[in-house]
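Work through the exercises below with the sequence and coordinates open. Each task is followed by a solution in steps.

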Amino acid sequence: MQHLEHILECIHDKHIFIQTHNFPDPDAIASAYGLKVLLEKKGIGTTICYKGRIDDTITAKMAQLLAIDIVEQEEITDMSAESEIILVDSQKGNANVIDMQGNEILCIDHHPTYENQDYRYSDIRVEVGACASIIAGYFMESGIPVDKRTATALLYGIKVDTANMTRGVSPLDLEMFYRLFPLAEHALLQKLDTSVLHMKDLRAYANAIDTIENVNRVCFANTGVDCHEALTASISDFILALDEVDVVIVSSYREDGIKLSVRSSAPWCNAGKLTNEALKGIGNGGGHEHMAGGFIPFGNIPQNSDANSSSTDINHAVSVENQPVEQRAEGLLKEMKKRFLQKIENG
Ligand SMILES: [Mn+2]
């Protein structure tokens with residue numbers, strides 16, 4: 001049976017929700033949109049939803065230029081506990097996706113699974129570089145023609161998640177890239193490629209460059225405050241391009257904690273596994289072999305710190321809530337660096 005047939009069998013409602021990970025990236029939006037087009041052809045209404053502010057990001061620009069309707073969770077008015085949700089480019093229980101009110105019945109993703117979940121059906125392929133390739137595959141498999149807008153969205157998702165076919169590329173990504181390429185609107189893709197940054201984003205780059213610290217090819221940097229997910233990720237990629245660097249951990253301050261973006265180009269270091277293990281006890285994270293993300297909430301005290309750990313400092317740092325975020329984060333940042341370096345050293 002084809003994937004799309006499995007999916008259709010599991011859907012009972014006339015209208016369902018397609019939820020992406022929080023602060024969706026272009027691959028998440030492309031996947032959600034492609035699935036929306038497929039389901040609407042089969043008579044099922046859909047709402048694409050997500051959590052997180054994405055103003056001024058390339059994701060917002062993509063949604064605007066391609067006229068893709070996406071709804072932030074606070075604006076959803078018609079979801080109930082019985083509503084059916086399909087997760088795309090994310091998995092239930094992961095740190096980067098909130099648990100919305102409805103019922104997660106299906107999951108289509110390319111991230112590793114950290115917690116087994118009970119879906120009616122799931123199509124999770126960790127070897128695939130972009131979730132958009134999986135969705136594009138549904139079109140091809142079912143013989144449904146791909147319109148220009150959908151092809152453009154899917155191709156853009158593939159380009160971004162594979163860093164223009166240089167990262168985590170699988171045969172499916174290659175085939176979908178090849179098949180979508182002649183169908184897409186290239187002027188629009190070019191516009192997206194050249195509107196990734198804003199002038200004000202340079203402040204985050206400057207902060208990262210100022211704070212850069214390279215320990216045996218493992219590089220730490222901090223972007224300061226007001227640095228959204230996509231920007232943190234592109235700063236990570238930027239630092240990884242340095243000849244002297246194999247692994248990058250970029251941190252940025254949020255009101256409620258520290259967000260991390262991790263990259264690895266080293267065969268000896270799996271970014272997702274490293275991030276997942278290094279943050280156990282102080283936060284959470286995970287992802288792919290070459291790219292990962294994590295979060296350390298303020299107030300989380302490490303449980304298994306070793307003897308020379310700075311947990312007293314951490315206690316102190318997070319207890320003083322009136323302090324500027326930089327000071328509150330100081331102890332946690334130190335602990336985070338120590339944990340990453342230890343994990344890398346122990347292989
Ligand atoms: Mn993705």
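## Exercise 1: Overall dimensions

Task: compare the radius of gyration of the protein with that of a compact globule of 347 residues.

Solution. The coordinates are those of a predicted model. For 347 residues, a compact globule would have a radius of gyration near 20 Å. The protein has 20 Å, which agrees. Along the principal axes, the C-alpha trace spans about 60 × 45 × 35 Å. Of the 347 residues, 45% count as buried. Among contacts with a separation of 6 or more, 58% join residues 24 or more positions apart. The secondary structure comes to twelve helices and twelve strands.

## Exercise 2: Domains and annotations

Task: state how the protein is divided into domains, and set the UniProt features beside that division.

Solution. Step one: the division gives domain 1 (3-193) and domain 2 (200-345). Their centres, taken over C-alpha atoms, are separated by 28 Å. The contact takes 13 residues from domain 1 and 15 residues from domain 2.

Step two: an unreviewed UniProt entry places "domain: DDH" at residues 15-158. Over residues 15-158 the chain is 33% helix and 20% strand, with end C-alpha atoms 27 Å apart.

Step three: the annotation "domain: DHHA1", also from an unreviewed UniProt entry, covers residues 225-297. Over residues 225-297 the chain is 27% helix and 36% strand, and the end C-alpha atoms are 15 Å apart.

## Exercise 3: Helix H2 and the core

Task: check the length of helix H2 (residues 26-41) against the expected span, then find what H2 gives to the largest nonpolar core.

Solution. Step one: helix H2 has 16 residues, and the rule takes 1.5 Å times one less than that number. The expected span is therefore 22 Å; the end C-alpha atoms are 23 Å apart, which agrees.

Step two: 13 of the 16 residues of H2 are buried. After H2 comes Gly43, with a positive phi near 85°.

Step three: the largest nonpolar core has 85 residues, of which Ile86, Val88, Leu154 and Leu180 touch the most other members. H2 gives the most to this core, with eight residues. At least three residues of the core come from each of domain 1 (3-193) and domain 2 (200-345).

Step four: leaving out residues up to four places away in sequence, Leu180 touches Ala136, Val146, Ala151, Leu154 and Leu155.

## Exercise 4: Three residues

Task: classify Gly257, Ala163 and Asn216 as buried, partly exposed or exposed, and describe where each lies.

Solution. The cut-offs are 20 or more other C-beta atoms within 10 Å for buried and 12 or fewer for exposed, with partly exposed in between.

- Gly257 has 20 other C-beta atoms within 10 Å and is therefore buried. Gly257 lies in strand E10 (residues 257-264). Beyond its neighbours within four places in sequence, Gly257 is in contact with Phe295, Ile296, Pro297 and Phe298. The C-alpha atoms of Gly257 and Ile18, 239 residues apart along the chain, are separated by 28 Å.
- Ala163 has 16 other C-beta atoms within 10 Å, so Ala163 is partly exposed. Ala163 is in the loop between helix H5 (148-161) and helix H6 (171-180). Its phi is near 45°, a positive value in a residue other than glycine.
- Asn216 has 10 other C-beta atoms within 10 Å, so Asn216 is exposed. The loop between strand E7 (213-215) and strand E8 (218-222) holds Asn216. Its phi is positive, near 50°, in a residue other than glycine.

Note on methods
Residues are numbered from 1 along each chain as its sequence is written. This is a predicted model: local features need pLDDT of at least 70, side-chain atom pairs count only at pLDDT 80 or more; totals for chains, interfaces and linings use all residues. Helices (H or I, at least four residues) and strands (E, at least two) are DSSP runs, numbered from the N terminus. UniProt positions are given in the numbering used here, feature names are shortened, and annotations may be inferred rather than shown by experiment. A nonpolar core is a set of buried Ala, Val, Leu, Ile, Met, Phe, Trp, Tyr and Cys residues joined through C-beta atoms within 7 Å. Domain bounds come from an automatic or database domain assignment. Two residues are in contact if their C-beta atoms, placed from the backbone, lie within 7 Å. The radius of gyration is taken over C-alpha atoms; the globule rule is 2.2 Å times the number of residues to the power 0.38.
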